[in-house]
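Reader: I'd love a close look at one part of this structure, starting from a single side chain and working outwards. Please spell out the cut-offs behind each term, as I like to know what was counted.

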Amino acid sequence: MNHDASLPVTPRRSRGIAVLALAVLAVAGAAFVMRGPLLMSAPRCMAGRWHGCFDTFNGVVLMTLVALPLAVLVVWVLAHRRRADGVPWAWRRSLAEVGMVHGTVPFLGLTLMPGAGAGAVPGRTSLVPLRDLATMGTLGIVGNLLVFAALGFFAPMRFAAVASVPRVLALGAGCSVLIETAQYVLRLDRVSSVDDVLVNAAGALLAALASRRWWRSAATEPSDRPRPAPAPAG
């Protein structure tokens, strides 16, 4: 009987190990492909210099990879504390919270990175939809799709209030509007474009659809606080 009861657990553990292994391989592959540019930024980043590290794409990517073990440790600590308190879906909740932050903050830094004429050039806008897509290029479109991809992937898994396609789309669009507004108000020498909002929101939506098998169940899962055991009858 004990053997039969443990059968459903083994496939879940095997899938979890496989997903973790694929994630490690993906990160290692990305680091290998970008090893040249990343190593160029490493000396400045390790010295704690802002210029040449945190104000460059390579530096931000490098520090994101360096912080990945810390993010994994935070997930482990949060999950074990929640399991000790009897909180359901402890690992999923912890992974979603850390994943949202770790996967979104670096892209926010890149989108708010000032240009050469920051502070001197007035804010610029492009309010005609689909006009800037041709000038973005493949790299620009992929980058914009990834800005809120982590938010779209993990937020519905953690918060039942956004566990629907329209709400995820609204979340991605709303956050993107805030970023574009900040670029204009702060005069960062960047163009605040409607197409950026559209592509960012589409990236959040596509990522949410990729995690739909997990976040659909989040809408019906119990609350964070463990429920007391029912009193015995009689």
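Author: Happy to! Let's start with Val77, which counts as partly exposed because its relative accessibility is 35%; buried means under 20% relative accessible area, exposed over 50%, and partly exposed in between, with a 1.4 Å probe and protein chains only. Before going further, please keep in mind that this is a predicted model, in which local features need pLDDT of at least 70, side-chain atom pairs count only at pLDDT 80 or more, and totals for chains, interfaces and linings use all residues. Residues are numbered from 1 along each chain as its sequence is written, and side-chain values use heavy atoms, with hydrogens and water left out.

Val77 is found in helix α6. Helices here are DSSP runs of H or I with at least four residues, strands are runs of E with at least two, and both are numbered from the N terminus. Together with Leu70, Leu73, Val74, Trp76 and Trp91, Val77 makes up a nonpolar patch on the surface, and the accessible area of these residues together is about 560 Å². A patch takes in residues with over 30% relative accessible area and no salt bridge; nonpolar side chains (Val, Leu, Ile, Met, Phe, Trp, Tyr) are joined within 5 Å, like charges within 9 Å. The areas come from the Shrake-Rupley method with a 1.4 Å probe, and for residues only the protein chains shown count as cover. Helix α6 (residues 68-84) gives the patch its largest share, five residues. As background, an α-helix has 3.6 residues a turn, so residues three or four places apart point the same way.

Further along α6 we meet charge. Arg82 forms a salt bridge with Glu97, with 2.7 Å between the closest N and O atoms. Since Arg82 lies in helix α6 and Glu97 in helix α7 (residues 90-111), the pair ties together parts that are 15 residues apart in sequence. A salt bridge means a side-chain nitrogen of Lys or Arg within 4 Å of a carboxyl oxygen of Asp or Glu. Arg82 counts as buried, at 17% relative accessibility.

Glu97 has a second partner: its side chain meets that of Arg158 in a salt bridge of 2.6 Å, N to O. This pair links distant parts of the chain, with Glu97 in helix α7 and Arg158 in helix α9 (residues 149-158), 61 residues apart. Arg158 counts as buried too, at 11% relative accessibility. Taken together, Arg82, Glu97 and Arg158 are linked in a network of salt bridges.

The structure holds three salt bridges. Away from the network, Asp189 forms one with Arg124, the closest N and O atoms being 2.8 Å apart. Here Asp189 in the loop between α10 (165-185) and β2 (191-193) is linked with Arg124 in strand β1 (residues 124-126), across 65 residues. Asp189 is partly exposed at 22% relative accessibility, and Arg124 is partly exposed with a relative accessible area of 35%.

Back in α7, what does Thr104 touch once neighbours within four places in sequence are left aside? Its contacts are Gly99, Val147, Phe148, Ala150 and Leu151, where contact means heavy atoms within 4.5 Å. Thr104 sits in helix α7 and is buried, with a relative accessible area of 7%. Thr111 has its place in α7 as well, and at 13% relative accessibility Thr111 counts as buried. Not counting residues up to four places away in sequence, Thr111 touches Val147, Ile179, Gln183 and Arg190.

For a wider view, the protein chain comes to twelve helices and two strands. Of its 234 residues, 31% count as buried. Among contacts between residues at least 6 apart in sequence, 71% join residues at least 24 apart. The chain's accessible surface is about 14,500 Å², with 71% of it belonging to carbon and sulfur atoms.

One last helix deserves a stop. The 17 residues of α11 (residues 194-210) should span 24 Å at 1.5 Å a residue, and the end C-alpha atoms, 25 Å apart, agree with that; the expected span is 1.5 Å times one less than the number of residues. Among the buried residues of α11 are Asp195, Asp196 and Val197. Asp196 and Gly140 are 56 residues apart in sequence and 9.6 Å apart in space, C-alpha to C-alpha. Gly140 lies in helix α8 (residues 133-147).
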